[in-house]
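Dear colleague,

I am handing over the structure below, and after it I set out what was found when its interior was examined. Please read the notes with the coordinates open beside them.

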Amino acid sequence: MFQRALRRLACMLALLALPFAGSAAALHDTMAQELTSQGLQGAVWSTLANGNVVTSAAGTRDARTGKPMQANDRVHVGSVAKTLLATGVLRLVTQGKLALDTPVAPLLPEIEFDNPWASTDPIRIRHLLDHTAGLDDVRFSQAFTLVPREDTPLRDAFDGRGPLRVRSRPGARHSYSNTSYTLLGMVVERITGMRYEAYLDAYLLAPLRMHDSTFGFTTQDGERADARLAMGHFENGATHAAVPSYIRPAGQFTTTAADMGRLARFLMSDGRIDDAPFIDAALLRAMGVPVATEAADAGLRVGYGLGLSTRDRHGVVGRCHGGSTVGYRAMLCLFPREQRAFFIAVNADVEGVDYGKLDRRLIEALHLPASPPQDVSGTVRDLSEWNGIYVPSPNRFASLEWLDTTLNFVHVTHEGEAVRFKPFQGKELALHPVGDRLLRAPERVIASHALIITPDGRRVVSTGLQSYERAPLARMVLLWGSLVAGLLGCVWLLASGAQALIRRRNTANMAVLIPFWGLLALLLPLPFFYRQSFLQLGDVTVASVLLAVVTALWPLTMLAGLIAASRRGAWSMRAKLDVIAMVSVLQWTCVLAWWGLVPLRMWA
């Protein structure tokens with residue numbers, strides 16, 4: 001009788017599982033088609049619904065062998081590691097070993113901060129977790145390097161680089177920063193007295209039963225290769241094994257689709273494991289909720305909080321974190337209200353691919369109810385006072401501030417019933433008012449932008465994840481004029497110098513050859529960069545040293561050309577134009593030097 005009851009129960013469970021099995025098979029076929037159509041190698045994914053985690057895989061795990069990807073293959077997740085590290089920090093907060101408002105500087109006396117707001121707004125643990133510390137992201141020498149070992153001390157990431165400059169008031173604005181999470185790894189080590197990898201493996205992953213995951217370094221090739229770890233790929237199926245990183249707390253994590261499903265289930269729970277409190281439920285609920293930023297205070301829900309960001313995509317609002325690392329792209333998304341989630345890792349990092357299509361397929365498979373768009377009806381206010389040019393403030397990479405200010409600006413205008421948000425290098429958006437200084441973009445269901453006036457009267461447009469501050473038009477015109485004059489001067493000097501070489505009989509214009517050769521010298525590092533790995537961009541190599549030398553000589557050749565030209569007698573019209581071009585390029589190089597781009601030292 002007992003065996004018969006068991007057989008009946010097994011049959012009933014099998015019948016209940018048939019519809020879901022069918023949908024899982026359909027999802028597999030859809031995902032496999034997406035991977036093929038976009039030229040991607042393979043992927044693993046998991047979905048969580050009704051408390052059940054379902055895993056699957058498609059494509060190939062290594063282009064060299066053609067072996068198929070398996071659902072239990074291990075993968076890298078890049079910056080999704082930040083969610084795991086943040087969870088570990090919240091465990092320490094729950095234990096009372098740390099507080100979200102704990103100042104960071106006393107914990108890390110070896111790190112020097114240049115914080116103009118230190119007396120009233122020191123950098124706190126929450127600011128590091130939320131990317132609101134105002135810190136730079138990383139430099140080339142921290143992210144693109146083959147120097148670090150898997151056991152290199154985290155402190156080495158900051159050696160010889162000067163104080164960490166705080167570029168916006170801590171807590172005010174989000175600016176994504178791998179530096180912040182590297183510092184959090186150091187905080188964990190200071191609090192626990194252990195390497196952060198070993199501590200979190202033992203005291204976070206083990207209790208969560210994520211036994212196939214590790215914060216430790218893993219790679220695909222060499223003596224210590226992980227046989228279960230799928231290979232990473234770039235364009236055209238080029239393979240690349242993982243390498244150690246200075247900033248590993250921000251992006252080093254190895255896992256499986258099943259383990260990430262377990263993590264998702266815990267993050268949407270009451271924070272208990274085996275009926276014992278593990279992480280305060282209020283802290284888990286706060287993950288993905290931006291707090292106290294200018295955008296959050298203006299009512300914007302999208303933004304970053306405690307290791308997750310609230311995202312409005314594909315008709316639903318979730319709490320997510322994406323990531324990319326050597327040869328990988330990944331995404332984790334939670335939908336706490338529906339108690340559903342998905343995770344995906346693609347072992348191919350290819351420019352121009354729409355990875356969002358894969359996310360959309362997983363959202364569709366979860367059968368999430370579409371959120372109704374926030375109402376845009378009502379009286380349209382006159383927002384013309386917001387018209388102007390806005391620049392990233394702060395921008396993500398401090399070393400590229402000139403580039404972002406000059407070429408990544410946004411033009412904002414109020415036309416009819418919409419505010420036009422036109423990035424210089426992006427798609428124009430028609431934003432419609434949905435509340436007091438809140439705007440919603442097309443294909444979004446909640447407010448996507450906030451209009452902010454700071455206490456000192458500056459106007460800011462924020463997406464929750466990036467703030468743009470209105471810049472004086474005169475300043476922008478000067479920057480654009482400098483750039484255009486410099487580029488035109490370079491073109492003229494190259495053409496004039498080439499002509500002077502061809503017509504050697506005419507020595508009147510030979511002074512132009514000095515800046516001519518100076519410009520051509522800028523091309524010398526290119527073949528050396530081509531021969532080295534892109535992961536050496538921040539290392540001291542023949543290519544990077546040569547680049548620093550030729551960019552240092554660039555303004556000097558303009559100055560030398562001007563001196564040579566001044567020693568001539570009467571100037572022809574051609575000579576005068578050469579001098580104007582040299583002055584134009586010289587002023588541009590001076591501007592670039594002011595912004596730290598000349599000489600260009602990739603290892604600094």
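Which residues line the largest cavity? Please bear in mind throughout that this is a predicted model. The lining is made up of R311, R313, H314, V316, G318, C320, M331, C333, F335, F342, D359 and I363, and the volume that they enclose is about 70 Å³. The elements that give two or more residues to this lining are the strands β13 (308-313), β14 (316-325) and β15 (328-335), together with the helix α10 (356-366). Sorted by class, the lining has seven nonpolar residues, two polar ones and three charged ones.

This cavity is one of three in the structure that reach 30 Å³ or more. The second largest has a volume of about 50 Å³, and its lining consists of A172, R173, H174, T293, E294, A295, S462, G464, L465, Q466 and S467. Here the division by class is three nonpolar, six polar and two charged residues.

Turning from the cavities to the nonpolar interior, the largest nonpolar core has 77 residues, and those with the most contacts inside it are I125, L129, L135, L183, F253, M260 and F343. Helix α2 (residues 81-94) gives the largest share of this core, namely eight residues. Apart from this core lies another one, of 30 residues, which includes F409, V512, A581 and W588. As general background, nonpolar side chains in soluble globular proteins tend to be buried together.

F253 deserves a closer look: when its neighbours within four places in sequence are left aside, F253 is in contact with V75, H76, V77, A81, L84, L205, M210, S213, T214, F215 and M260.

The last item concerns Q252, which is found in the loop between β8 (239-240) and β9 (254-255). Is Q252 buried or exposed? Q252 counts as buried because its relative accessible area is 10%, whereas the cut-off for that term is under 20%. A polar atom of the Q252 side chain lies 2.8 Å from the backbone oxygen of F215. With its neighbours within four places in sequence again left aside, Q252 is in contact with G78, A81, Y196, E197, F215, G216 and F217. Two of the residues listed for Q252, A81 and F215, also appear among the contacts of F253.

With best regards

Technical notes
Residues are numbered from 1 along each chain as its sequence is written. This is a predicted model: local features need pLDDT of at least 70, side-chain atom pairs count only at pLDDT 80 or more; totals for chains, interfaces and linings use all residues. Side-chain values use heavy atoms; hydrogens and water are left out. On a 1 Å grid over the protein atoms alone, a cavity is a set of points where a 1.4 Å probe fits but cannot get out, and a pocket is an open set with protein on both sides within 12 Å along at least five of seven lines; lining residues have an atom within 4 Å of a point. Grid points are joined across faces, edges and corners, and a volume is the space filled by probe spheres set on the points. Helices (H or I, at least four residues) and strands (E, at least two) are DSSP runs, numbered from the N terminus. Ala, Val, Leu, Ile, Met, Phe, Trp, Tyr, Cys and Pro count as nonpolar, Asp, Glu, Lys and Arg as charged, and the others, Gly among them, as polar. Buried means under 20% relative accessible area, exposed over 50%, partly exposed in between (1.4 Å probe, protein chains only). A polar contact is a pair of N or O atoms within 3.5 Å; within protein, one must be able to donate a hydrogen and the other to accept it, and residues adjacent in sequence count only if both atoms are side-chain atoms. Contact means heavy atoms within 4.5 Å. A nonpolar core is a set of buried Ala, Val, Leu, Ile, Met, Phe, Trp, Tyr and Cys residues joined through side-chain atoms within 4.5 Å.
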